[in-house]
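Me: I am in my first year and would like to look closely at one part of this structure, namely the way two helices pack against each other. Could you take me through a single helix pair slowly, and then place it in its surroundings?

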Amino acid sequence: MNEPVIMFDRVGKTYPLYHHIVGGFKHFIFNLPEAIRLLKNAKYEALKEISFEVARGETLGVIGRNGAGKSTTLGLISGVLRPTCGRIMVKGKILPLLDLGAGFHPDLTGRENIILNAVLLGHTRKNIYKKMDEIIEFASVGDFLEEPVRVYSGGMTARLGFAVVACLEPEILLIDEVLGVGDIDFRKKCFDKMLAFKKSGVTIVFVSHILEDIAKICDRVLWVENHSVKMIGPTKDVLEAYQRTSEKPAKIH
Amino acid sequence: MIAQLRYYIDLITVLTQKELKARYKNSFLGYLWSIANPLAFAGVLYIAFKVIIKIPMEEYPLFVITGLFPWQWFSNSVSSSSVVFLRNTTIIKKVNFTRNFLPLSVVINDLLHFVFSVPIIMLLLIYYKKPLTPALLYGLPLLFSIQLFILYGFCLALSSLTLFFRDLERLALIFIMLLFYFTPIAYSEQMIPEGYRHLIYLNPAALVIINWRHLFLDGTLVPGYLFASFMYGLLSWLVGEWIYKKLSWKFAEIV
């Protein structure tokens, strides 16, 4: 096994329940001591002491039910969230695959959005101009490239979003169940690109509910349940165990 | 180090372009609107204060515009920056980029609008046969940077706090409306009664605008006001960065 590039060491994450203050400035000011006490106590535990490692070049699938803590895990890896306790180590340039096209501005053209998105993802404009042709080719939105993104179809927006990420040479790629959109051809194209990344040694963390996709591409799978690691191991074993639990109806006492 | 700097420049440029393009994408007159707005406002002030109230002042249109144009930079930046993080929640949630550049790009965007309106002021100066003084050469960059720092710090703090207290968006609008009347824009600082005039030092917008007006109209700067506004710029920048640092890591949790 290669050296780990992502390492979680007993990482926990709790969210304060901010709705106590959001929208309630008056309430907050007039009940200051109480409001602060509430803020300190009202917490939601999204992750409890989870530990795992991802080795360089490995593809790790993350599965689990809605609200289990998968997105929080990705947020912690990409650094937009800070852990409440524990230690996180991440080595290398991270590229999060946005909810395809979510970072786009509807009034800017496809080309302008490519530049905007790529710069936000940490690249200089010079670097992007070099890759422009490749991105445009991959997105294949044709004449729509110079049209504002608001006139795009959902599939076109998704293609453009994926094209930006696909051409930026990440070291660590984070994918959060985004490949559900687009037609079969496009999904296949995305999947092929992911396989190509995998082959070239990119570390991938792949969150998905589509178990076939996970089975096809992942080396290992992390199963998150109830905010902690239920199981981590080779894809086949984890998926079998996961499917066994989901087939069983919930116990009623 | 240099690569990092180049990236920062690119990030600011792209974010500012985004604001700029998004604002004018659907309008034929484009940039003219950014001048039309303060010009219309100046027209109203002229009618209200010169024609109706008969304020005793020569060349009132020139007087109003030299105060109003820099004021527009203040008011536009404050009103649009309060929601800048709220409008960009999707990227804040996913990408760990230098997020304080979002309010900065708003402030720079409005700075550019002011820059583009400076030629109008120059034209008016020529029309009223006022000399274009060499003081403009150092006065312009000086006042531009002071106002930039004041606004950047203030808008950074405001936009960060608005994520936690949404009411601030409304409060900012009321604040900026009140501040307009407490700032010598439609009237001159000499009209403020002697006993209250020192209160100008409490209003950074007034300090800067008085200097803008003196710079344009007679090529001088008021050193006391200049120094005070410089200190406000420094303070605003430091406090803004401090508030942003304290809160920024919670942004992705709350949006």
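Reply: What follows looks at one helix pair in chain B, then at the chain around it, and lastly at a second pair in chain A for comparison.

Please keep in mind that this is a predicted model. Two packed helices are described by the angle between their axes and the distance between the axes, and those are the values to begin with. The pair consists of helix H7 of chain B, which covers residues 135-164, and helix H9 of chain B, which covers residues 204-218. Their axes come within 10 Å and cross at roughly 165 degrees. Because an angle over 145 degrees counts as roughly antiparallel, H7(B) and H9(B) are roughly antiparallel to each other. The crossing in which H7(B) passes H9(B) is left-handed.

On the side of H7(B), the contact is made by Ala135(B), Leu136(B), Gly139(B), Leu140(B), Leu143(B), Phe144(B), Ile146(B), Gln147(B) and Ile150(B). H9(B) contributes Pro204(B), Val208(B), Asn211(B), Trp212(B), Leu215(B) and Phe216(B). Sorted by class, this contact has 12 nonpolar residues and three polar ones, with no charged residues.

Now to the surroundings of the pair. Chain B has 11 helices and zero strands, and its pattern along the sequence is therefore written with α alone, as α-α-α-α-α-α-α-α-α-α-α. The radius of gyration of chain B is 19 Å, close to the 18 Å that the globule rule gives for 255 residues, so chain B is as compact as a globular protein of that length. Its C-alpha atoms fill a box of roughly 55 × 45 × 40 Å, taken along the principal axes.

A second pair, in chain A, can be read in the same manner. Helix H4 (residues 110-120) and helix H5 (residues 125-139) of chain A have axes that come within 10 Å and cross at roughly 130 degrees, and H4(A) and H5(A) are therefore oblique to each other. Their crossing is right-handed. Arg111(A), Ile114(A), Ile115(A), Ala118(A) and Val119(A) of H4(A) meet Arg125(A), Ile128(A), Tyr129(A), Met132(A), Ile135(A) and Ile136(A) of H5(A). By class, the contact between H4(A) and H5(A) has nine nonpolar residues, no polar ones and two charged ones.

Note on methods:
Residues are numbered from 1 along each chain as its sequence is written. Chains are lettered from A and ligands numbered from 1 in the order in which they are written. This is a predicted model: local features need pLDDT of at least 70, side-chain atom pairs count only at pLDDT 80 or more; totals for chains, interfaces and linings use all residues. Side-chain values use heavy atoms; hydrogens and water are left out. Axes are lines fitted to C-alpha atoms, for helices over the stretch in contact, and angles run from 0 to 180 degrees between N-to-C directions. Helices (H or I, at least four residues) and strands (E, at least two) are DSSP runs, numbered from the N terminus. Angles under 35 degrees count as roughly parallel, over 145 as roughly antiparallel, 65 to 115 as roughly perpendicular and the rest as oblique. A crossing is left-handed if the near helix is turned anticlockwise from the far one by less than a right angle, and right-handed if clockwise. Contact means heavy atoms within 4.5 Å. Ala, Val, Leu, Ile, Met, Phe, Trp, Tyr, Cys and Pro count as nonpolar, Asp, Glu, Lys and Arg as charged, and the others, Gly among them, as polar. The radius of gyration is taken over C-alpha atoms; the globule rule is 2.2 Å times the number of residues to the power 0.38.
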